[in-house]
Amino acid sequence: MKVFEILKYVFSAFCWMGLLAFWVYVILIIVSMIKKNNKKAKKCAVGAVIGIGMMGLGMFGSFVSAVKQYEFNFDNLDTFKVESDSLERGIWKNEISNQADGRNLNPELHWDSVKGAERYYVIMIDESADNWMHWYAENVTDNSIEEGLFTDEFSEVSSKDGITTKGQYVGPYPPSGTHTYTVYVFALKLETYSVSDINFDGAGNDIEEIAKQLNNSPYTDYNNLISYGKLSGEYTAKAGDGSDGDGSGGDGSLGDSGKTDGSDGDSSDNDGADSGIDLTLERGNNSDSIKMMLLYDGLYGERGAKKSREYFEELKAADPVRAERWAEIVDHWHTIQNTVKVNDNVLPDGLDNTSALCIVCLGFMLENDGSMKPELINRLTVCRDSALKYPNAYVLCTGGGTAPGNPSVTEAGQMAEWLKQQGIDEKRIIVEDRSTTTSQNAIYSLDIIQSDYPEIKYIAITSSNYHITTGMLVFDSEAMLRGSDIRVVSNAGFYIRDNPLSDAFQTGALIELAGDYETGVALYNGWFDMSQVPEPEDE
């Protein structure tokens with residue numbers, strides 16, 4: 001029995017004792033007055049007042065205990081054991097993965113029935129990628145789930161008792177390294193309302209918030225969530241496969257930077273067309289100083305300002321021109337984080353409706369077979385509507401081959417075909433089909449623009465709303481590094497979630513522009529070793 005439940009009964013008993021004492025003393029007062037024993041009557045009156053006090057204290061204690069008893073606390077939940085035949089020695093079998101040699105089958109799960117539970121709710125997240133959600137299943141009635149029951153399309157499965165289980169599954173596809181994938185099974189008294197705060201095949205999922213929503217039900221007022229089970233295992237990326245999230249744009253939050261294919265993100269032959277500087281060679285120069293400057297600035301904010309300045313001075317002594325450009329980029333970064341307003345669904349009025357404007361649509365990881373995911377189609381819808389609003393502007397589609405099962409198909413190629421089918425003139429469409437990160441989107445797109453479309457001076461970014469600030473940042477920053485006067489002037493985003501990509505993610509994107517691809521990927525995916533950046537001392 002929970003402590004607050006016990007306290008509730010203790011205070012309740014205290015309240016009844018007080019009530020009993022009150023009436024006993026009231027009767028004694030009456031008897032004493034009849035016998036004209038005023039001294040005893042006064043003593044009994046004191047006892048009656050004490051009884052009233054006991055009643056008040058008992059009622060207050062019962063109320064507080066009841067509130068505490070029914071207050072949801074995820075950490076206080078009981079737990080149970082979950083097992084899986086799809087997990088061997090802490091490693092998930094390849095059958096569950098969504099990489100080229102995987103089968104994209106949801107894991108088999110089984111657990112002992114939980115007393116009082118009529119429903120179970122299952123989720124699977126990538127903890128290494130900011131809780132990227134790979135699976136959810138609601139209204140599960142059995143204490144097991146067979147392998148391969150769910151697909152990445154919304155699935156409805158009838159159980160043996162006729163209740164429909166609903167959910168979606170997409171297997172692990174980490175960009176590189178080893179990720180931890182965790183399954184949660186929540187035991188519920190009754191079915192629950194649909195959970196509104198899940199982001200399937202996306203990052204930023206809050207386990208405690210999901211549990212809090214499951215704790216409510218249309219049929220109970222409180223404590224619908226009885227207990228939960230948890231099972232974790234690792235899966236290691238296979239070389240050349242896809243990424244958690246946006247293979248081209250690095251969307252989602254830490255954990256979706258794109259493929260770690262060994263490239264350094266700067267293989268262009270045309271970097272620095274405006275300035276006469278060969279940025280292909282220069283990009284990695286003094287990258288350690290730039291990296292540390294950005295890390296202290298991005299990860300520690302004002303606390304890291306002194307250390308960031310020290311590394312800037314080191315860069316300035318070695319390369320004054322490069323230092324000046326990075327100072328401009330960092331200032332712009334601080335400004336853009338606080339001032340960017342994301343326009344909903346279409347570019348705003350008042351932009352340059354000439355060929356000087358280029359509407360850039362940032363890609364998103366393709367399905368295993370090369371088809372486009374709903375989020376990419378939503379981004380394209382924003383791009384299409386913006387292109388129809390500005391019929392003289394160019395439209396640039398950016399994104400490389402990110403389909404695990406069909407690597408020859410590219411995001412940009414699929415995007416361009418979709419836009420043509422939607423009535424956008426092919427002559428307006430520019431295709432950049434090499435990039436696998438947001439930084440590469442900027443690098444390779446500007447290569448094409450500066451080489452083949454010198455009339456373009458303004459860029460408008462279209463993407464998912466949480467990705468807009470990062471997209472604007474890297475395109476502006478890459479232009480600044482080149483000494484180009486091309487600038488991002490506006491944006492439009494399709495709403496996915498409230499929280500934008502983190503400061504750490506943006507730090508990684510800028511570090512990749514500086515030439516350190518591996519550090520960028522580590523920051524994207526949340527496995528960056530913070531011991532490389534000792535915590536600054538308080539000034």
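**Exercise 1. Exposed or buried?**

A residue counts as exposed when its relative accessible area is over 50%, and as buried when that area is under 20%. Keep in mind that you are working with a predicted model.

Task: Decide whether Arg89 is buried or exposed, and do the same for Lys36.

Solution:
- Step 1. Arg89 has a relative accessible area of 87%, so Arg89 is exposed.
- Step 2. For Lys36 the value is 73%, so Lys36 counts as exposed.
- Step 3. Now zoom out to the whole chain: 54% of its 539 residues count as buried.

**Exercise 2. An unusual backbone angle**

Task: Find where Lys36 lies in the chain and what its phi is, then look at Arg89 in the same way.

Solution:
- Step 1. Start with a rule of thumb: most residues other than glycine have a negative phi.
- Step 2. Lys36 is not a glycine, yet its phi is positive, at about 55 degrees. You will find Lys36 in the loop between α1 (3-34) and α2 (38-70).
- Step 3. Arg89, also a residue other than glycine, has a positive phi near 55 degrees. Its place is the loop between β3 (87-88) and β4 (91-92).

**Exercise 3. Rings that meet**

Task: Classify the ring pair of Trp111 and Tyr120, then the pair of Tyr184 and Tyr228.

Solution:
- Step 1. Two values are needed for a pair of aromatic rings: the distance between the centres and the angle between the planes.
- Step 2. The model holds 12 aromatic pairs. In one of them, Trp111 and Tyr120 have their centres 5.2 Å apart and their planes at 70 degrees, an edge-to-face pair. Both Trp111 and Tyr120 are buried.
- Step 3. For Tyr184 and Tyr228 the centres are 6.2 Å apart and the planes stand at 35 degrees. Planes under 30 degrees apart would be stacked and over 60 edge-to-face, so an angle between these limits counts as tilted. The pair of Tyr184 and Tyr228 is therefore tilted.
- Step 4. Where do Tyr184 and Tyr228 sit? Tyr184 belongs to strand β11 (residues 178-188) and Tyr228 to strand β12 (residues 225-236); being 44 residues apart, they link distant parts of the chain.
- Step 5. Check burial too: Tyr184 has a relative accessible area of 6%, so Tyr184 is buried. Tyr228, at 14%, counts as buried.
- Step 6. Finally, look for a group of rings: Trp135, Phe150 and Tyr169 are joined into a cluster by ring pairs.

**Exercise 4. A charge over a ring**

Task: Which residue lies over the face of Tyr444, and which has its charged end over the ring of Tyr466?

Solution:
- Step 1. Over the face of Tyr444 you find Arg434, at 4.0 Å from the ring centre.
- Step 2. Over the ring of Tyr466 sits the charged end of Arg497, 3.9 Å from the centre.

**Exercise 5. Walking around a pocket**

Task: Describe the second largest pocket by its volume, its lining residues and the helices that supply them.

Solution:
- Step 1. The volume of the second largest pocket is about 340 Å³.
- Step 2. Its lining has 17 residues, and those closest to the centre are Asp297, Ser308, Val330, Asp331 and His334.
- Step 3. At least two lining residues come from each of α5 (287-300), α6 (305-318) and α7 (320-339). The largest share, seven residues, is supplied by α7.
- Step 4. Sort the lining by class: seven residues are nonpolar, five polar and five charged.

Conventions
Residues are numbered from 1 along each chain as its sequence is written. This is a predicted model: local features need pLDDT of at least 70, side-chain atom pairs count only at pLDDT 80 or more; totals for chains, interfaces and linings use all residues. Side-chain values use heavy atoms; hydrogens and water are left out. On a 1 Å grid over the protein atoms alone, a cavity is a set of points where a 1.4 Å probe fits but cannot get out, and a pocket is an open set with protein on both sides within 12 Å along at least five of seven lines; lining residues have an atom within 4 Å of a point. Grid points are joined across faces, edges and corners, and a volume is the space filled by probe spheres set on the points. Helices (H or I, at least four residues) and strands (E, at least two) are DSSP runs, numbered from the N terminus. Ala, Val, Leu, Ile, Met, Phe, Trp, Tyr, Cys and Pro count as nonpolar, Asp, Glu, Lys and Arg as charged, and the others, Gly among them, as polar. Rings of Phe, Tyr and Trp (its six-membered ring) pair if their centres lie within 6.5 Å; planes under 30 degrees apart count as stacked, over 60 as edge-to-face and the rest as tilted. Buried means under 20% relative accessible area, exposed over 50%, partly exposed in between (1.4 Å probe, protein chains only). A charge sits over a ring if NZ of Lys or CZ of Arg is within 6 Å of the ring centre and within 35 degrees of the ring normal.
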